[in-house]
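This report describes one protein model in plain terms. Please look at the sequence and the structure first, then read on.

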Amino acid sequence: ATDLVVYVASKARSVKLSEPRRHEIAQKDQQFVPRMLLIQKNDSVSFPNRDNKEHSVFTSDRTTVRINPTRKAEPEPVAFLREGGFRIQCDIHSNMRAWVVVVPVVELATKVADDGTWRIDNVPAGAQVLKVLEPNGNSVEVPVTACANDTPIAVSLEGYEGPALRRFNGSPYGEYQQ
């Protein structure tokens, strides 16, 4: 399965933005569920703990989300105010990872299918910028001219490597001590 997301990154003035929405990524069976969430800028996400274990939640930028280790079932939701990809991790369990993708207009974004294809309908005509994001933070921007018919576009992220996973304090998971 692919975790790539494609979206229109240029300002699409003719598209009405939806009101901010609230989403959920649960901590269940030592996993984040769902593992990938596509949301619009200013939407919020709650991270309820549905396990009987402590979990923490933080983003790899270490500032967007920071929920200290807790068994609290319903921590406060977190608003995502910046566009981009945010890797979600648990400081206690290295296998717990998720990905929140924040886009300007959620109706102009889509996940890439397993076969590498994708489709975004109703792109405003004219010059646009498409952005392809992958979970490790790598991205490619492609200038396109949108028109009324299907326009095939080829994009490659080949050769990109992701950053090593690290605990909230910056130490690798294998070297962490409480």
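Gln27 lies in strand S3 (residues 26-28). Strands here are DSSP runs of E with at least two residues, while helices are runs of H or I with at least four residues, and both are numbered from the N terminus. The model is a predicted one, in which local features need pLDDT of at least 70 and side-chain atom pairs count only at pLDDT 80 or more, whereas totals for chains, interfaces and linings use all residues. Residues are numbered from 1 along each chain as its sequence is written, and side-chain values use heavy atoms, with hydrogens and water left out.

**Gln27 and its surroundings**

Is Gln27 buried or exposed? Gln27 is buried, because its relative accessible area is 3%; buried means under 20%, exposed over 50%, and partly exposed in between, with a 1.4 Å probe and protein chains only. The side chain of Gln27 makes a polar contact with the backbone oxygen of Phe47, at 2.7 Å. A polar contact is a pair of N or O atoms within 3.5 Å; within protein, one atom must be able to donate a hydrogen and the other to accept it, and residues adjacent in sequence count only if both atoms are side-chain atoms. Leaving aside residues up to four places away in sequence, the residues that Gln27 touches include Phe32, Pro48, Arg50, His55 and Met96. Contact means heavy atoms within 4.5 Å.

**The chain as a whole**

The protein chain has 0 helices and 14 strands. Of its 178 residues, 44% count as buried. Among contacts in the chain with a separation of 6 or more, 56% are between residues 24 or more positions apart. The exposed area of the chain is about 10,100 Å², and carbon and sulfur atoms supply 47% of it. This area comes from the Shrake-Rupley method with a 1.4 Å probe; for residues, only the protein chains shown count as cover.

**An open sheet**

In which order do the 4 strands of the open sheet stand? The order is S12-S1-S13-S14, with antiparallel pairing. Two strands pair if DSSP finds at least two bridges between them. Strand S12 (109-111) and strand S14 (139-146) are the edge strands, each pairing on one side only. On average, neighbouring strands of this sheet are turned by 20° against each other, direction ignored. The angles are taken between axes, which are lines fitted to C-alpha atoms (for helices over the stretch in contact), and run from 0 to 180 degrees between N-to-C directions. Strand S1 (residues 5-8) is joined to strand S13 (residues 126-133) by 4 bridges. Val5 stands opposite Leu133 in S13.

**Strand S10 and an aromatic pair**

Strand S10 (residues 84-89) is mostly covered, with 5 of its 6 residues buried. S10 pairs with strand S7 (residues 55-59) in the antiparallel sense over 2 bridges, and Phe58 has Gln89 in S10 as its bridge partner. S10 is also joined to strand S11 (residues 97-103), again antiparallel, by 6 bridges. Here Gly85 stands opposite Val101 in S11.

The whole structure holds 1 aromatic pair. Phe80 and Phe86 form this pair, which is edge-to-face, at 5.3 Å centre to centre and with 70° between the planes. Rings of Phe, Tyr and Trp (its six-membered ring) pair if their centres lie within 6.5 Å; planes under 30 degrees apart count as stacked, over 60 as edge-to-face and the rest as tilted. Phe80 and Phe86 are both buried.

**Loops between strands**

Most residues other than glycine have a negative phi, and most peptide bonds are trans. Asp29 departs from the usual sign, with a positive phi near 55°. Asn122 has a positive phi of about 65°, although it is not a glycine. A cis peptide bond joins Val33 and Pro34, with omega about 0°; Pro34 is placed in the loop between strand S4 (31-33) and strand S5 (36-40).

Three further loop residues are listed by place and accessibility.

| Residue | Loop between | Relative accessible area | Class |
|---|---|---|---|
| Asp29 | S3 and S4 | 58% | exposed |
| Asn122 | S12 and S13 | 71% | exposed |
| Gly137 | S13 and S14 | 47% | partly exposed |

Gly137 and Trp99 are 38 residues apart in sequence, and their C-alpha atoms are 10.0 Å apart in space.
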